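Student: Could you take me through one helix of this model at close range, and then show me the strands and loops elsewhere in the chain?

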Amino acid sequence: MITKTAEYQVPYVICPTDVNNSSNANFGNNSSWTPDTKKLASELSKITKYDPDYRFIRVRAIGNLEVDGDNANCDAFPYSEFIDERDGYGYKSFIGKNAFREHQSDDINNSIGYLPEAYLNAFDLRQYAERNWSALDSKERIDILNFDNQKDGSIEVLMAIDASREPVIARKIDKGEPLGVSMGTNITHSTCSVCGNTAYFEPEYCNHIAYGKGATIAVQANQIRDNLNKGLMREEWLPFVLTRVADRKEVVNGSRNKIVLARTFEINYGCSFFELSAVANPAYTRGYQLEKVASRMDYSNINWSNYSNDQLTEIYNFINGVVNGR
Ligand SMILES: [Zn+2]
């Protein structure tokens with residue numbers, strides 16, 4: 001397992017056996033929890049108990065590879081990982097996790113709030129609606145991505161910030177000043193955009209990812225073509241890997257082993273989101289607060305886990321309606 005933060009600095013990768021760091025990584029229902037982790041989770045629920053001084057803000061937490069490409073850390077997240085329905089994965093894994101400042105999530109006492117809801121700006125599949133995104137081929141996906149008024153497929157999160165713990169950020173929210181946010185996620189593995197190398201742990205990184213993330217390098221077209229054939233690369237991602245149109249044409253339609261210029265970034269799979277932080281320099285450039293939702297709403301009687309996603313979406317839309325004065 002590798003841990004990712006989309007922070008403006010070089011991402012750090014923690015060892016999964018590091019108890020201090022990994023124990024906070026899955027505050028969902030996790031049967032593999034140690035007694036210590038369960039104790040931590042129970043303390044967490046006390047810390048995040050409802051308080052009228054909470055500020056609720058709706059934030060764009062993360063965008064996907066198909067629309068946004070890789071982020072400032074040269075990390076990319078395919079849309080397929082957002083709609084991962086497995087327990088503890090996908091966009092819903094944000095729900096119930098904690099809010100922090102500057103990714104200080106290795107100590108639960110640093111929590112500045114919690115994340116009551118997450119919402120996916122799901123792609124509108126239109127004539128493909130009967131099918132699953134993951135089952136579509138690249139031609140169909142590119143067709144969908146080019147639909148008029150297509151959604152951006154990003155994940156938005158409702159963030160509850162305790163003003164008594166974080167008065168500076170609360171004041172920023174109250175004054176309507178922009179607030180940067182950045183998510184933290186565990187991933188099961190990642191691949192390299194250039195050589196297709198798969199890494200489950202940091203030592204398994206190829207040199208491109210270990211030392212050259214974000215670099216543009218000259219490679220033979222066959223290498224990218226092989227990645228496409230093996231499903232390690234997808235045609236809809238190519239504009240972010242091969243910035244020159246001629247190179248894309250060569251890789252997709254050509255057969256020669258010409259030299260093309262390819263960008264190195266890391267493609268992340270198996271996302272289990274575990275925190276959202278208020279930060280000074282968010283990696284995901286559109287990861288700014290979208291709008292202030294409500295500063296004083298009584299959520300004390302709501303047990304969010306009792307609601308289906310559709311119901312939560314309804315609540316979420318209602319909250320947005322309040323903010324927008326509808
Ligand atoms: Zn590589």
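Tutor: Happily! In this predicted model, the buried residues of helix α8 pack against β10 (216-220), α9 (238-241), α10 (245-253) and β11 (259-263). The helix itself covers residues 221-229, and its buried positions are Ala221, Ile224 and Asn227. Looking down the axis of α8, you find these buried residues within an arc of 125°, so they line one face of the helix. Following α8 comes glycine 231, with a positive phi near 80°.

Now let us turn to the strands, beginning with β5. Strand β5 takes in residues 113-120, and 7 of its 8 residues are buried, so the rest of the structure largely encloses it. Which strands does β5 pair with? Strand β4 (residues 98-101) is joined to β5 by 2 bridges, and the two run antiparallel. You can locate this pairing at alanine 99, whose bridge partner in β5 is glycine 113. Strand β6 is also antiparallel to β5, and 6 bridges join them. Here glutamate 117 stands opposite leucine 158 of β6. As a reminder, strands of a sheet pair through backbone hydrogen bonds, either parallel or antiparallel.

From β6 we can carry on into the loop. Between β6 (155-162) and α6 (167-174) lies a loop that holds serine 164. Is this serine 164 buried or exposed? Serine 164 counts as exposed, because it has 10 C-beta neighbours inside 10 Å, and a residue is exposed if that number is 12 or fewer. Serine 164 and aspartate 53 are 111 residues apart along the chain, yet 7.0 Å separates their C-alpha atoms.

For a parallel pairing, have a look at another sheet. This one is open and has 4 strands in the order β3-β12-β8-β9, with mixed pairing. Its edge strands are β3 (75-76) and β9 (198-199), each pairing on one side only. Strand β3 runs parallel to β12 (residues 266-269), and 2 bridges join them. Within that pairing, alanine 76 has isoleucine 267 of β12 as its bridge partner.

To return to your helix: when you turn the model, start from Ala221, Ile224 and Asn227, the buried residues of α8, and then look for β10, α9, α10 and β11, the elements that the buried residues pack against.

Key. Residues are numbered from 1 along each chain as its sequence is written. This is a predicted model: local features need pLDDT of at least 70, side-chain atom pairs count only at pLDDT 80 or more; totals for chains, interfaces and linings use all residues. A residue is buried if 20 or more other C-beta atoms lie within 10 Å of its own, exposed if 12 or fewer, and partly exposed in between; C-beta atoms are placed from the backbone. Two strands pair if DSSP finds at least two bridges between them. The arc is that of the directions from the helix axis to the C-beta atoms. Two residues are in contact if their C-beta atoms, placed from the backbone, lie within 7 Å.
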